[in-house]
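The following note sets out several points for a reader who is beginning to study protein structure. Please read each one beside the model.

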Amino acid sequence: GANQTYYFDDIMLCPAPTVALTCPPTIMAEGCSSADVAPYANLMAFMAAGGMAVDADSSSFTLLNETTSGSCPLTVMRTYQVSDFCGNTATCTQEVLISDTTPPTIICPSDMTVACPTDIVVDINLAEISDRCDASPVVTASGPTLVSGIDGCEGATYEVMYSVVDACGNGPVSCTQTWTLENEAPILTCPAPMPVACAAFP
């Protein structure tokens, strides 16, 4: 018979999608923000952490979405996605709980010596404060409180307590500043000698 020419298109027959993705269990970590727990860089790391993937193209693995909410702990929800070679996709969402459990630190002002109780200074700005996550932890002060000696007299000691608590309730962490009285002895200055006239005797 006559010669015939046949043309064939490249056709990929895709079966019913079976691609599936299961996230690793919830992560509970110490930190301040979502940056303290990085998302999985690839499917291998995802599976090493306990995740599962079925019929997935490993190169398609991606972090699809991330949301954060709350504080103490901060809740991070990360949605990952994979696809198969036919373009079918599967997703799962992993929960990451990030908690700040590290207390702040505080350093009191140096101990001081003063002449009178009224000279004692109580100022929260004099305490040195630092915290891993909270830029403005709450500082309070109490005192001065007489701890030894007689109030207002030489050698009496007083304490001022400074305390700090961060936004996640870590604390209070406290320190104490001591004030000691060293009264100066009173100074008596006599008047200058004065000439006087004596009464005449009969």
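In which sense do β8 and strand β12 pair, and over how many bridges?

1. β8 and strand β12 (residues 173–181) pair in the parallel sense, over 3 bridges. Strands here are DSSP runs of E of at least two residues, numbered from the N terminus, and two strands pair if DSSP finds at least two bridges between them. Val114 stands opposite Leu181 in β12.

2. This is a predicted model, in which local features need pLDDT of at least 70 and side-chain atom pairs count only at pLDDT 80 or more, while totals for chains, interfaces and linings use all residues. Residues are numbered from 1 along each chain as its sequence is written, and side-chain values use heavy atoms, without hydrogens and water.

3. The order β8-β12-β11-β10 describes an open sheet of 4 strands with mixed pairing. β8 (112–114) and β10 (138–148) stand at its edges with a single partner strand each, so one side of each has no neighbour in the sheet.

4. Thr157 belongs to strand β11 (residues 157–165). Thr157 is buried (under 20% relative accessible area, 1.4 Å probe, protein chains only), with a value of 13%. Beyond its neighbours within four places in sequence, its contacts (heavy atoms within 4.5 Å) include Thr145, Val147 and Trp179.

5. The largest nonpolar core (buried Ala, Val, Leu, Ile, Met, Phe, Trp, Tyr and Cys residues joined through side-chain atoms within 4.5 Å) has 14 residues, of which Ile106, Ile120, Tyr158, Tyr162 and Trp179 touch the most other members. β11 and β12 each give two or more residues to this core, and β11 gives the most, with 4 residues.

Technical notes: Buried < 20%, exposed > 50% of the residue type's maximum accessible area, 1.4 Å probe, protein only.
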